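This report covers a domain boundary and one small sheet. Consult the sequence and coordinates shown here before reading on.

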Amino acid sequence: MAVQVSKTGTGKSYIGYDDKGYLWCEELKVVDVLKNVGTSPFFLYSKAQLESNFQAYVEATKGMDAIIGYAIKANNNLNLLRILANRGSGAVLVSGGELLLAEKAGFDLQKTVLNGNGKTMEEISLAVTKGCLINVDSEFDLEHIIQASRQVGRKARVLIRINPDIDPQVHPYVSTGLANSKFGIRNTHLEWFLNRIKQESSFLDLVGVHCHLGSTIKQVKIFKDAATIMLEFVSIIRNAGFHHLQFLNIGGGLGIDYERQGDVIPTPEELVASIRDKVKEAKLTLIIEPGRSIAGNTGVLISRVIGVKSNGNKEFIVIDGSMSEVIRPSLYDAFHWIGLIAPSSGELSKFDVVGPICESADFLGKDRMLPRPEEGSGIVVMDAGAYCYAMASNYNMRPKPAEILVDGKQWKCIRRRETFEDMLMLYDQK
């Protein structure tokens, strides 16, 4: 199938429909993949899409010092991480487990950042030992970093996470840069942190500042405004005697076109261009933390239709996929485009697309105009590459699905479907 030109994001789409109404992933018909995989639901990823999305950030940051730190929390499949690590990506971590996974995947740990408002001593000690950058998120977090540095016998490289108090105009659950956020320090309390770091200069090396506004952001101006504010803090910190600041970490959060209505989403080039001159003028290395905009449109969830039913004035398509695979609609009221994977002559009607989980919140999409499908036919939930498998659960004792990677005309299973026996292994069965 020919590569489609996209109006949004990184410019190309490797998952899309042909003129006859068949869904393709790179050079494979998805109906054929479904037949060969057998069990459903499963996640299906495009290697070419992943590489293209990352390359867009590489091109955007050419001519400046920068670390593209992929946010592992978005999708932590080891095979996908290795693809990014091999292309020179850094990594952004939010747990000790992700740090160990980044090391396993081959990331340069000098190009990783440990975030988090509740990092444990074990996680901090591991990060200090491995030479990761560590964001300071609070007074107690700073004290824990000092303690870990003493115990490890190695100076910690730290950035201060400052809340710029900018509204990213997104769902409140994915907004992280406002003054009342649980993340970051009060910007009015910066002087205390600087004095404390000076007192413990044998254990701390302040190398930069960090902010993160939230997720699904669709306006470049928000990043530009944040960078302007953060550079003012850089000047304050340098004037306080910290002349060797190296990094401005602007966070991540660039949105993607979930609605697929042709909305123009800022590209990585537009994002970086809005702050490039100021960052270079300040002689800083830019750290950027993309997750969703690299992994989001790389993957889809493929399910089968269990049946169609009516309850009063509402019609439902019941599928074997559910909120345990894609929780974003239930958690954030998020939108994912849904369609059949093959042409259908069924009558067009309005449906709620729901799963078999014993929860009224188990829906993938509401009020969707779709052809009435036959039982067993394939259905796709698009743009499920980020924050879907990573947030999947075994609720209702459902096994987590397989993950399949397409590379041109080939596909392989990069994480097998769980079994009932896998879930039993964690119990004490005596």
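How many salt bridges are counted between domain 1 and domain 2? In this predicted model, the count between the two domains is 1 salt bridge. Arg-260 and Asp-383 form a salt bridge, with their closest N and O atoms 2.9 Å apart. A separation of 2.9 Å meets the criterion, because a salt bridge requires the nitrogen to be within 4 Å of the carboxyl oxygen. Polar contacts between domain 1 and domain 2 come to 1 residue pair, both residues being at pLDDT 80 or more.

**Domain interface**

Domain 1 comprises 15–46 + 296–424, and domain 2 comprises 115–290. The interface values are tabulated below.

| Property of the domain 1 and domain 2 pair | Value |
|---|---|
| Distance between C-alpha centres | 36 Å |
| Domain 1 residues in contact with domain 2 | 10 residues |
| Domain 2 residues in contact with domain 1 | 9 residues |
| Area buried between the domains | about 910 Å² |
| Share of that area on carbon and sulfur atoms | 58% |

On the domain 1 side, the most area is lost to domain 2 by Tyr-332, Phe-335 and Asp-383, which together account for 51% of what that side buries. By class, the domain 1 residues touching domain 2 are 5 nonpolar, 3 polar and 2 charged.

**Sheet**

An open sheet is formed by 3 strands with antiparallel pairing, in the order S3-S4-S5. S3 (15–17) and S5 (28–29) are the edge strands; each has a single partner strand, so one side of each lacks a neighbour in the sheet. The antiparallel pairing of S3 with S4 (residues 23–25) runs over 3 bridges. Ile-15 has Cys-25 of S4 as its bridge partner.

Technical notes. Residues numbered from 1 in each chain as written. Predicted model: local features only at pLDDT ≥ 70, side-chain atom pairs only at ≥ 80, totals over all residues. Heavy atoms only, no water. Domains from an automatic or database assignment. Contact = heavy atoms within 4.5 Å. Buried area = accessible area lost by both parts, 1.4 Å probe. Salt bridge = Lys/Arg side-chain N within 4 Å of Asp/Glu carboxyl O. Polar contact = N/O pair within 3.5 Å; in protein donor to acceptor, adjacent residues only side chain to side chain. Nonpolar A, V, L, I, M, F, W, Y, C, P; charged D, E, K, R; others polar. Pairing = 2+ DSSP bridges. Helix = DSSP H or I, 4+ residues; strand = E, 2+ residues; numbered from the N terminus.
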